[in-house]
Every structure is written in C-alpha cells, then in structure tokens.
Amino acid sequence: MIEKHFTVVDQAGIHARPASILVSTANKFESDIFLVFEGKNTNLKSILGVMSLGIGTGEKISIRSEGPDEEKALDELEKVLRREDLAI
C-alpha cells in the first residue's frame with residue numbers, strides 16, 4: 001500500500017467535474033484506490049463517494065492505493081490533480 005498527501009487549491013474544491021475526472025482515472029486501474037478526507041475513506045472509483053465528502057479549497061486529502069498497479073495508479077492520479085490545478 002502506498003499513500004500520498006495533497007492540499008486542494010481549486011477555488012471550488014473537488015466538485016463534480018474534477019471528481020468525475022479522478023473517478024474515471026481511478027477506474028483504469030486494478031488496484032483498490034481510496035480518497036481519505038477528515039478520517040473518512042471513500043472508494044475513489046465511486047463518484048457518489050467522492051462527492052459525498054464535500055472537499056473544499058484548502059482541505060488536506062490523501063490518496064491511498066493498494067494492488068498490483070498501485071504505484072502507476074497513484075502517479076497517474078497525482079498527474080491529474082496537478083494538471084487540472086486541483087491540488088498541490
């Protein structure tokens with residue numbers, strides 16, 4: 001299992017469009033991938049789970065990946081967060 005930590009910088013937080021991009025990216029991988037926010041874990045492959053967290057600007061999040069392609073999955077998700085200017 002590997003985990004990386006991020007700070008959300010998007011002015012609207014993780015709203016529908018970026019959540020959809022993250023979920024779509026996570027679904028490309030076999031590994032189990034979780035978004036962790038304020039002690040809550042949600043499956044990053046579930047749009048409802050991600051949206052239910054209500055992650056706003058300035059919030060600290062973690063993405064945890066476990067499985068055969070965990071490193072590749074986490075690297076790709078980090079690229080998406082940075083490319084979309086969602087998190088640092």
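Biologist: Which residue in β4 stands opposite Asp32?

Modeller: In this predicted model, Asp32 has Glu66 of β4 opposite it.

Biologist: What makes β2 and β4 count as paired strands?

Modeller: Two strands pair if at least two bridges are found between them. β2 (32-37) and β4 (60-66) are joined in the antiparallel sense over five bridges, so the criterion of at least two is met.

Biologist: How do you know that β2 also pairs with β3?

Modeller: The reasoning rests on the requirement of at least two bridges. Between β2 and strand β3 (residues 40-43) there are four bridges, in the antiparallel sense, and Phe34 stands opposite Asn43 in β3. These strands form a hairpin with two residues between them, and Glu38 in the turn has a positive phi of about 50°.

Biologist: Why is Thr25 called buried?

Modeller: Its relative accessible area is 6%. Buried means under 20%, so Thr25 is buried. Thr25 belongs to helix α1 (residues 16-26).

Biologist: What makes the approach of the Thr25 side chain to the backbone oxygen of Ile21 a polar contact?

Modeller: The distance is 2.9 Å, and the cut-off for a polar contact is 3.5 Å. The pair is therefore within the limit. Setting aside residues up to four places away in sequence, Thr25 also touches Glu76, Leu77 and Val80.

Biologist: Why does Ala19 count as buried?

Modeller: Ala19, also in helix α1, has 0% relative accessibility. With the threshold set at under 20%, Ala19 is therefore buried. Beyond its neighbours within four places in sequence, Ala19 is in contact with Ile14, Ile47, Val50 and Met51. The C-alpha atoms of Ala19 and Val50 are 6.5 Å apart, although 31 residues separate them in sequence.

Biologist: How do you know that the buried residues of α1 lie on the same side of the helix?

Modeller: The buried residues of α1 are Pro18, Ala19, Leu22, Val23, Thr25 and Ala26. They cover an arc of only 160° around the axis, and are therefore on the same side of α1. Their packing partners are β2, α2 (47-52) and α3 (70-83).

Biologist: Which residues touch the most other members of the largest nonpolar core?

Modeller: Among the 24 residues of that core, they are Ile14, Ile33, Leu35, Leu44, Ile55, Ile61 and Ile63. At least two core residues come from each of α1, β2, β4 and α3, and α3 provides the largest share, with five residues. Not counting residues up to four places away in sequence, Ile14 touches Val8, Ala19, Leu22, Val50, Met51, Ile55 and Ile61.

Definitions and conventions:
Residues are numbered from 1 along each chain as its sequence is written. This is a predicted model: local features need pLDDT of at least 70, side-chain atom pairs count only at pLDDT 80 or more; totals for chains, interfaces and linings use all residues. Side-chain values use heavy atoms; hydrogens and water are left out. Buried means under 20% relative accessible area, exposed over 50%, partly exposed in between (1.4 Å probe, protein chains only). A polar contact is a pair of N or O atoms within 3.5 Å; within protein, one must be able to donate a hydrogen and the other to accept it, and residues adjacent in sequence count only if both atoms are side-chain atoms. Contact means heavy atoms within 4.5 Å. The arc is that of the directions from the helix axis to the C-beta atoms. A nonpolar core is a set of buried Ala, Val, Leu, Ile, Met, Phe, Trp, Tyr and Cys residues joined through side-chain atoms within 4.5 Å.
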